[in-house]
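Reader: Hello! Could you take me on a close look at a single part of this structure, the pocket, and then show me what the charged side chains are doing?

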Amino acid sequence: MPTSEGIIHGENGKAQKLLDDTASQTHTMTLEVLGQAPSIEKFMALMKHVFEVSDLIGKQFQKMFPIEKPLACKSGCSFCCSNITVMTKPAFAIYALYYSKIISDGLAYDHAAQQALTKHQDCCLLKEGACSIYPARPLVCRLFHSYDFNECLAHNFSRSGTSAEFGLIAVFNGLEKGLKELGLDCNDIAFNQAIGLLLSEEYIAEKWLAGEKVFAPCYIESRQ
Ligand code: SF4
């Protein structure tokens with residue numbers, strides 16, 4: 001796997017160009033889509049596209065720089081979603097909750113509401129040991145990998161990187177740069193608390209999209 005310095009300083013020019021182009025395109029698209037008459041529908045379409053691109057770029061990077069040992073992560077394993085405070089950004093919390101509203105029969109949404117509002121310790125979108133919004137899971141969840149199941153079993157988490165993360169980070173850096181330039185709050189927030197807020201008060205997402213700092217009660221700093 002390449003080091004971040006290796007990629008940044010041109011160990012592989014093709015990889016660096018891919019990262020730069022991806023970040024730049026995502027930044028431009030964010031400004032174009034949300035710069036004029038922003039709406040939740042436009043935001044959801046943008047985020048869907050951004051997640052699809054991030055998955056594609058992640059796969060490209062994994063192909064270019066295969067990992068040297070197998071990951072311990074597999075379907076049905078959810079230690080890293082339990083008994084933790086998931087830290088994310090408002091855009092990811094909004095996308096996750098709105099996604100949960102529109103998938104399947106709404107059961108994921110009902111489950112999230114129940115878990116978030118009862119201040120459950122596990123991630124409120126964890127359902128029966130699996131992520132109920134897997135395609136829309138926040139960036140942090142995409143970056144978390146483990147090479148050692150026993151470490152996870154002991155809840156001794158230390159994030160192990162894969163080459164895919166360079167692509168993911170480039171996409172989301174472009175998104176965040178655009179959101180910040182549009183005056184939208186990108187502070188670190190507690191995921192469960194943000195979902196609870198979205199469920200308990202009206203127009204939170206719309207207010208965020210209008211530049212209001214409605215997620216301030218969920219800032220990670222304000223909880224310390
Ligand atoms: S959003 Fe999904 S992947 Fe992320 S912590 Fe919650 S259940 Fe786990």
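Author: Happy to. In this predicted model, the largest pocket has 42 lining residues, and those nearest its centre are Tyr134, Arg137, Cys141, Arg142 and Phe144. The space inside comes to about 1100 Å³. Several elements contribute to the wall: at least two lining residues come from each of α3 (40–64), β3 (130–131), α6 (139–143), α7 (149–153) and α8 (164–181). Of these, α3 gives the most, with five residues. Sorted by class, the lining holds 27 nonpolar, ten polar and five charged residues.

The pocket also has an occupant, since the space taken by the ligand is this largest pocket. Around the ligand you will find Cys81, Val86, Cys123, Leu125, Leu126, Cys131, Pro138, Cys141 and Phe191. That shell has nine nonpolar residues, with no polar and no charged ones. Cys141 is worth selecting in your viewer: it is listed among the residues nearest the pocket centre, and it is also one of the residues around the ligand.

Now to the charged side chains. In general, side chains of opposite charge can pair when their charged atoms come close. Here the count comes to six salt bridges.

Let me start with a pair inside one helix. Asp21 and Lys17 form a salt bridge whose closest N and O atoms are 2.7 Å apart. Both belong to helix α2 (residues 13–34), and because they are four residues apart there, about one helical turn separates them. Asp21 is partly exposed, its relative accessible area being 31%.

Helix α3, which we met in the pocket lining, holds another such pair. Lys48 bridges to Glu52, with 3.0 Å between the closest N and O atoms. These two are likewise four residues apart in α3, so about one helical turn lies between them. Lys48 counts as partly exposed at 46% relative accessibility, and Glu52 counts as partly exposed at 42%.

The next bridge reaches across the sequence. Glu176 pairs with Lys89, the closest N and O atoms being 3.8 Å apart. Glu176 sits in helix α8, whereas Lys89 sits in the loop between β1 (87–88) and α4 (90–102), so the pair ties together parts that are 87 residues apart in sequence. Glu176 is partly exposed, with a relative accessible area of 22%. This bridge is also part of something wider: through shared partners, salt bridges join Lys89, Glu176, Lys180 and Asp188 into one network.

How values were computed. Residues numbered from 1 in each chain as written. Predicted model: local features only at pLDDT ≥ 70, side-chain atom pairs only at ≥ 80, totals over all residues. Heavy atoms only, no water. 1 Å grid on protein atoms, 1.4 Å probe; cavity = no way out; pocket = protein on both sides within 12 Å on 5 of 7 lines; lining within 4 Å. Points joined across faces, edges and corners; volume = space filled by probe spheres on them. Nonpolar A, V, L, I, M, F, W, Y, C, P; charged D, E, K, R; others polar. Near = heavy atom within 4 Å. Sits in = over half its atoms within 2 Å of the grid points. Salt bridge = Lys/Arg side-chain N within 4 Å of Asp/Glu carboxyl O. Buried < 20%, exposed > 50% of the residue type's maximum accessible area, 1.4 Å probe, protein only.
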